[in-house]
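The following exercises ask the reader to work through one protein model, step by step. Please examine the sequence and the structure before reading each solution.

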Amino acid sequence: MSSSLLIARFDPTLTYLASSVQALDVHQVKVQSLISSQDSINASINLGKNQKISNLQWVSANKLSLIALCLTNGTIALYSPVSNSIVAELECPSSLQVTDFHFSEATQTGWSADIGGNIYEWDMQTNQLLSKTALFDLLELAESVSRLSSVSYNREPHLLVATQNVYLIHPRTHTVVKSFHAHVSPIHSLFPVRGLPDVFVTAAENDRFVNIYSISQGSTKAVLVAEASTEHVALARHDAKGSILAAVTESGVVEVFKDPLTFESNGPTSTPDKSKKKRRQQSKNAQSRHSDATLKFSRPDGEVSNPDDETLHINAVAASNSVLHVTWLENASVSYFDALPWHNDAGFAFEGFQKLAKSKQKIRATAHSTDGHDVAAPKLYQEHHTVITEGNAFQEDVDEDEDEETLAEKMNKLSEQSRQMESRNKKKLKRHTPGSLAVVLSQVLKNNDNSMLDEAVLVNRDPTIVRNTIARLDPSLAVVFLDRLAERLTRNQARSEQLYFWIKWVIVIHGSVLASIPNISNKLTSLHSILTKKADTLPRLLELQGRLSLLQSQNTLKKEILNGSVAGENEEGEEEVEYIEELDDAEHAGLISDEDDEMMEMDGEDDYENSDEELMEDEQENDMTDGEA
């Protein structure tokens with residue numbers, strides 16, 4: 001049966017269940033009490049649209065019961081079910097998806113891991129980063145860390161780091177003390193055994209095997225084989241009744257193993273064996289066992305109406321020293337619980353295949369926010385009654401009305417509506433000044449009033465008012481404002497020119513503050529993606545502009561040639577130059593020196609003067625001859 005449940009975890013005291021569910025387009029965290037009659041906490045909180053949960057773990061730090069929400073954006077949100085609020089946020093420098101968070105009682109610090117193989121240590125009182133360890137610096141191959149835990153080894157706290165394998169790491173020296181070859185897929189369960197600090201258990205995705213290891217011997221002590229791939233594993237010990245290990249498989253049933261820690265009787269595990277050959281032999285001789293009992297939850301025979309009723313899929317399992325706790329979903333949204341004693345006076349309570357009939361529970365709201373339902377609502381929402389259809393389910397009815405109008409009529413109607421809206425907005429703008437508009441903008445962002453933001457703020461087009469309003473805006477609200485602008489750009493591309501003007505002045509005026517905010521790229525992911533898509537078209541537009549400019553220049557030149565303007569300009573602009581080939585060749589050959597040039601110039605001048613004197617003498621002689629005649 002499909003459900004919206006993502007992750008479910010019991011708290012260490014087995015009092016509450018924390019679950020992450022998909023609620024429309026956001027992730028929701030819900031905390032429910034296992035027993036409704038006790039002083040219960042039934043709380044839920046919705047995360048932001050960009051905050052997606054990858055894992056959640058219970059944390060008992062500073063005498064508070066918190067839930068560490070591991071997010072895909074590299075943040076760890078510490079959620080308090082009592083106050084129903086996020087009390088702190090730990091931001092990893094890598095900004096990679098956080099895979100696990102573990103609070104170590106030995107070091108009294110928190111440890112987180114991401115998909116990049118980075119391990120961070122956090123001070124849970126000040127929420128400050130203390131240290132960082134990169135797994136690829138310690139190993140030859142880079143591996144993604146999936147789970148973390150802590151144990152005491154040689155009277156010192158050590159970290160158990162799980163990938164497909166398990167590594168024992170000293171947290172202070174940042175060295176790998178031991179390695180355990182575990183599985184071929186990422187490990188989803190890693191925990192030490194209470195009362196036996198030398199023993200820990202692992203289980204992996206798409207793997208039927210549950211391995212039990214001894215740290216001191218560095219070998220596998222037992223291998224438990226399930227009928228299908230395991231999803232959740234729980235283990236508990238009783239001093240007199242033995243131990244139990246329960247594994248929820250992908251088929252939704254619970255397979256139970258009796259006394260999985262019987263290898264303790266083989267001898268003490270405190271003396272390490274340094275021989276590799278002996279360790280390999282011990283691994284080969286590790287006990288391999290199948291489950292002793294299989295628990296299948298289903299409806300009674302008279303209530304089976306569909307295949308989902310034949311098997312109630314168990315979502316999480318936990319065990320105490322006397323009781324086995326399981327949970328499943330009713331109506332695909334509400335968690336229900338059952339507690340099964342796993343031992344009695346006769347001994348072990350489970351044997352062979354057992355079918356446990358659970359009648360369909362009648363959902364009844366006992367508080368205003370129990371199970372996400374409102375008590376005042378006349379009818380509770382049941383997801384299995386919902387019919388999912390395509391988004392164009394009502395397209396036929398809409399088309400019948402819209403076919404009566406032509407495209408031109410629709411465009412005219414839209415333009416008329418936009419003019420009316422603009423005229424109304426202009427009337428409203430007359431009452432706003434930059435100071436008052438900045439106050440309105442701040443109140444709108446704090447109260448998340450989207451309608452007021454559109455009607456009173458973003459309709460302003462005066463550059464001076466926009467610039468002065470942004471200058472008066474609190475810099476802490478700049479990120480929120482950019483996020484709101486990105487949402488409007490996504491919904492309405494026609495307003496992009498107006499919204500870009502607001503974005504421009506926010507970045508210009510508050511750019512230095514934005515640059516100092518850590519992980520600002522993650523907080524403005526939507527705006528970055530929108531602007532990136534817009535910027536991708538810029539090279540093509542520039543290329544087109546260059547081609548158009550080239551064509552325009554060519555056409556202009558052709559017109560000038562046809563009109564003769566180019567030829568006319570050349571004739572008027574250039575002067576006639578007399579070219580003497582002999583002189584030019586002689587000059588290049590070096591036959592004429594500078595002195596020769598001067599002599600030629602002087603000769604030219606003398607010849608010119610002599611020719612003038614001769615002409616004057618000739619004229620005088622001619623005049624005298626004419627007189628005598």
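**Exercise 1. Describe the open sheet of five strands: the order of its strands, its edges and the angle between neighbours.**

Solution. Step 1: the strand order is E21-E22-E23-E25-E31, and the pairing within this open sheet is mixed. Here strands (E, at least two residues) and helices (H or I, at least four) are DSSP runs numbered from the N terminus, and two strands pair if DSSP finds at least two bridges between them.

Step 2: the edges are strand E21 (230-238) and E31, each of which pairs on one side only.

Step 3: ignoring direction, neighbouring strands of this sheet are turned by 20 degrees against each other on average. For such angles, axes are lines fitted to C-alpha atoms, for helices over the stretch in contact, and the values run from 0 to 180 degrees between N-to-C directions.

Step 4: E25 and E31 run parallel and are joined by six bridges. Phenylalanine 297 has leucine 356 in E31 as its bridge partner.

A note on the source is needed here. The model is predicted, so local features need pLDDT of at least 70 and side-chain atom pairs count only at pLDDT 80 or more, while totals for chains, interfaces and linings use all residues. Residues are numbered from 1 along each chain as its sequence is written, and side-chain values use heavy atoms, with hydrogens and water left out.

**Exercise 2. State how many salt bridges there are, and locate three pairs.**

Solution. Step 1: side chains of opposite charge can pair when their charged atoms come close. The rule for a salt bridge is a side-chain nitrogen of Lys or Arg within 4 Å of a carboxyl oxygen of Asp or Glu. By this rule the count is six.

Step 2: one of the pairs is glutamate 121 with arginine 172, at 3.2 Å from N to O. Glutamate 121 belongs to strand E11 (residues 118-123) and arginine 172 to the loop between strands E15 (166-170) and E16 (175-180), so the pair ties together parts 51 residues apart in sequence. With a relative accessible area of 3%, glutamate 121 is buried; buried means under 20%, exposed over 50% and partly exposed in between (1.4 Å probe, protein chains only).

Step 3: glutamate 330 and arginine 299 form a salt bridge at 2.7 Å, N to O. This pair links distant parts of the chain, 31 residues apart: glutamate 330 is in strand E27 (residues 323-330), and arginine 299 is in the loop between strand E25 (293-298) and helix H3 (307-310). Both glutamate 330 and arginine 299 are buried.

Step 4: lysine 355 and aspartate 301 form a salt bridge whose closest N and O atoms are 3.7 Å apart. Lysine 355 lies in strand E31 (residues 352-357) and aspartate 301 in the loop between E25 and H3, so parts 54 residues apart in sequence are tied together. Lysine 355 is partly exposed, at 47% relative accessible area, whereas aspartate 301 is exposed, at 66%.

**Exercise 3. Is strand E7 enclosed or open, and which strands pair with E7?**

Solution. Step 1: six of the six residues of E7 (residues 75-80) are buried, so this strand is largely enclosed by the rest of the structure. Thr75, Ala77 and Tyr79 point one way from E7, and Ile76, Leu78 and Ser80 the other way.

Step 2: strand E6 (residues 64-71) pairs with E7 in the antiparallel sense over four bridges. The two form a hairpin with three residues between them, and glycine 74 in the turn has a positive phi of about 85 degrees.

Step 3: E7 also pairs in the antiparallel sense with strand E8 (residues 85-91), over six bridges. Four residues separate the strands of this hairpin, where asparagine 84 takes a positive phi near 55 degrees.

Step 4: isoleucine 76 in E7 stands opposite cysteine 70, and the bridge partner of isoleucine 76 in E8 is leucine 90.

**Exercise 4. How many disulfides does the whole structure have?**

Solution. Step 1: the criterion is a pair of cysteine sulfur atoms within 2.5 Å. The search finds zero disulfides.

Step 2: for cysteine 70, the nearest cysteine sulfur is that of cysteine 92, 8.6 Å away. Cysteine 70 is buried, with a relative accessible area of 0%, and cysteine 92 is buried at 1%.
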